[in-house]
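The following paragraphs go through a protein model by its helices, its loops and its internal space. Please keep the structure open while reading.

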Amino acid sequence: MKILITGNQGYLGPVVLAHLRAVFPYAHFTAIDTGYFKDNWTSEIRDVDTEAHVQIAADLRTLNPDVLAGAEVIIHLAAISNDPMGNQFEQVTFDINLESTLQLAAHAKRNGVKRFIFASSCSVYGIDDGTLKSEQSVVHPLTAYAKTKILAEQGLEQLASTEFQVTALRFATACGYSPRCRLDLVLNDFVASALTQSKIVLLSDGSPWRPLIHVRDMARAMAWAAERDLALPAFLAINAGSQQWNYRIRDLAEAVSRQLGGIPIQYNPGAAPDKRSYRVDFSLYEQWAPDHQPEWTLDQTVRELVKGLKPVLSEGVDFRSSHWIRLRQLALLIEQSLLDGRLHWILSNPQL
């Protein structure tokens, strides 16, 4: 089996590749990444299982479809991947997350790819109205990132067929340690704040709801999608996560504090309300993927983050100005005249 992965040199990619190489030991893995975050390691250890057999440096906006030849499964992770980046680079977010996704899927279908797995997001639900959000709930995307995810899902549904199976995994908010960690995700931020400031700083009053999922459990979901029952619908948008991982933001802060001996939590009760608040129903995923359910607990995840981040984050480090913050990394590449304002490499991709 030949599996092609886009966006493998980010936060999630190394974890996904390591898991899939273990689950499908005879598969051949080709990966495509533009390289924005390829050097953002949080570990000195470079495990070969986190890498693809063939690595291609390319921008999805200008991708040569010939690279898809022979692929049976595509796992599409590549995206402008959070709200701050989407707010600053809104048109680029639509170009990459929406237009390039649909272009990639159309090329894949023409090239005989059998399964297309799309990393979507529970952020499409947007606002908490007191109910658990199921796949049948009305979506209310609030940001460019969330809007591009639901619009891409709608376009992919039009392409799906019995010969081209599409799975849109609506993931809860990612968390957990990765060899290329991101610190602009809520739980990861809290651990980094605790390690560098000896306190946890919230940007809100802590009341918003957010579902979370460990990156390794995201990889388990992708393994399920890569071989899910063909009797299931040709297009499937499904919430990927666990009922037990619906938490208020303050619950996450308290878990980090508890694991680090009760360090103080600083709330911001005067902050404008965070409208990105929602709880999600994951019962359909539990029903259809019983052997791929999330395994990590919140306390395990915090302990793993502390262990992994301690070697690189010492007291006083300004991690929010570091390359482990996605928007800051893009700003650094622009300041160095390596990227232009539309996030194209100015001369050529440094990996070439």
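The buried residues of helix H5 are Val186, Leu187, Asn188, Asp189, Phe190, Val191, Ala192, Ser193, Ala194, Leu195 and Thr196. The model is a predicted one. With eleven of its twelve residues buried, H5 is largely enclosed by the rest of the structure. The partners of these buried residues are spread over several elements: they pack against strand S8 (173-175), S9, strand S10 (209-214), helix H7 (249-259) and helix H9 (298-309). In length, H5 reaches 16 Å from its first C-alpha to its last, close to the 16 Å expected for twelve residues at 1.5 Å a residue.

What follows H5 in the chain? The helix is followed by Ser198, whose phi is positive, near 55°. Most residues other than glycine have a negative phi. Ser198 sits in the loop between helix H5 (186-197) and strand S9 (200-201). With a relative accessible area of 37%, Ser198 is partly exposed, as the value falls between the 20% and 50% limits.

A positive phi is also found at Leu343, near 65°. Leu343 belongs to the segment after helix H10 (326-335). Is Leu343 buried or exposed? Its relative accessible area is 0%, so Leu343 is buried.

Helix H6 (residues 215-226) can be read in the manner used for H5. Its twelve residues should span 16 Å at 1.5 Å a residue, and the end C-alpha atoms are 17 Å apart, which agrees. Eleven of the twelve residues of H6 are buried, so H6 is largely enclosed by the rest of the structure. These buried residues include the charged residues Asp217 and Arg220, along with Trp224 and several alanines, among them Ala219, Ala221 and Ala223.

H6 also takes part in the second largest pocket, which holds about 350 Å³ of space. Of the 15 residues lining this pocket, Asp47, Thr50, Tyr177, Pro179 and Arg216 are the closest to its centre. Helix H1 (13-23) and H6 are the elements that give two or more residues to the lining. Which of them gives the largest share? H1 does, with four residues. By class, the lining of the second largest pocket has seven nonpolar, four polar and four charged residues.

Closed space is a separate matter. The structure holds one cavity of 30 Å³ or more, and about 30 Å³ of space lies in the largest cavity. Its lining is made up of Leu60, Leu63, Pro65, Leu68, Ser100, Gln103, Leu104 and His107. Five of these lining residues are nonpolar, three are polar and none is charged.

The last stop is Ser242, in the loop between strand S11 (235-240) and strand S12 (246-248). Although placed in a loop, Ser242 is buried, with a relative accessible area of 10%. Within the loop, the side chain of Ser242 makes a polar contact with the side chain of Gln244, at 2.8 Å. Not counting residues up to four places away in sequence, Ser242 touches Phe282 and Pro294. Ser242 and Glu286 are 44 residues apart in sequence, while their C-alpha atoms are 7.9 Å apart in space.

Conventions: Residues are numbered from 1 along each chain as its sequence is written. This is a predicted model: local features need pLDDT of at least 70, side-chain atom pairs count only at pLDDT 80 or more; totals for chains, interfaces and linings use all residues. Side-chain values use heavy atoms; hydrogens and water are left out. On a 1 Å grid over the protein atoms alone, a cavity is a set of points where a 1.4 Å probe fits but cannot get out, and a pocket is an open set with protein on both sides within 12 Å along at least five of seven lines; lining residues have an atom within 4 Å of a point. Grid points are joined across faces, edges and corners, and a volume is the space filled by probe spheres set on the points. The expected span of a helix is 1.5 Å times one less than its number of residues. Buried means under 20% relative accessible area, exposed over 50%, partly exposed in between (1.4 Å probe, protein chains only). Contact means heavy atoms within 4.5 Å. A polar contact is a pair of N or O atoms within 3.5 Å; within protein, one must be able to donate a hydrogen and the other to accept it, and residues adjacent in sequence count only if both atoms are side-chain atoms.
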